[in-house]
Amino acid sequence: MPKISWHSLPLRLKQHLIERLHQREITQADLEALRIWIGSDPELPDGPWWKDFGTFKLTGEGRFPKTFLTKDQAAFGQKI
Amino acid sequence: MPTFIELLEEIATAKPVISIPADEVDRLVQRFGSRVRQMGRWNVSTNGSLDIPVTVIREAALSLGSRAVLDAITELKTDSFTRLLDSSAASLLIDEIRDAYQRYFRQMMSRYQEATEAPEMTRLRDELVREVFGE
């Protein structure tokens, strides 16, 4: 199974996620959960996937994360 | 014993962050699990090193006490790939550093949420990007 590559996620998307913390649209606990998940060096399915962090979702395909969604936006692929 | 001036010189030249190279991070993960990467900023997107603020290590060491830290050092020096018990001194030190880093990260998030000046907000935002996604 492929390991995640954070290079593929543009800096602007990463900055935008953090800005949503300032705007209280995502919680500290959920951002911390993302940090811990990254540290676990997760293995991912080959096709499209998404992970629910509560106040936001992360989507990707194979080892490449694609974007962050709000909690209400629909995600496609395998839930991990 | 170092003199007062020598101590001041040491403090003045000390790096605020220690960086553990990727191969050592991998060895520690084999022995202690992925919680090792929670001790600091894991630079997953670049060289795989782990950056730990010295203040975090100091806080953890003070919390454990010098005897426990010395025991942990002895265990860590043992170049073994055997997974150590969670109750070992080295495991306790790693957990203490992880907890101290967690507090450091939460304080940074709170400072960012409370910031009102644009330059400070930008600085903290970029710092948080690095803490979450690595350098």
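Me: Leaving aside neighbours within four places in sequence, which residues is B:Leu93 in contact with?

Reply: This is a predicted model, in which local features need pLDDT of at least 70, side-chain atom pairs count only at pLDDT 80 or more, and totals for chains, interfaces and linings use all residues. Residues are numbered from 1 along each chain as its sequence is written, while chains are lettered from A and ligands numbered from 1 in the order in which they are written. Two residues are in contact if their C-beta atoms, placed from the backbone, lie within 7 Å. By that criterion, the partners of B:Leu93 are B:Ala60, B:Leu64, B:Val69 and B:Ala72.

Me: Which element gives the most to the largest nonpolar core?

Reply: A nonpolar core is a set of buried Ala, Val, Leu, Ile, Met, Phe, Trp, Tyr and Cys residues joined through C-beta atoms within 7 Å, buried meaning that 20 or more other C-beta atoms lie within 10 Å of a residue's own, placed from the backbone. The largest such core has 33 residues, with B:Leu93 among those with the most contacts inside it. Among helices (DSSP runs of H or I, at least four residues, numbered from the N terminus), the one that gives the most, 9 residues, is helix 5 of chain B.

Me: Which elements do the buried residues of helix 3 of chain B pack against?

Reply: The buried residues here are B:Val56, B:Ile57 and B:Ala60. They lie on the same side of the helix because the directions from the axis to their C-beta atoms cover an arc of only 95°. That buried set packs against strand 3 (strands being DSSP runs of E, at least two residues) and helix 5 of chain B.

Definitions and conventions. Buried ≥ 20, exposed ≤ 12 C-beta atoms within 10 Å, placed from the backbone.
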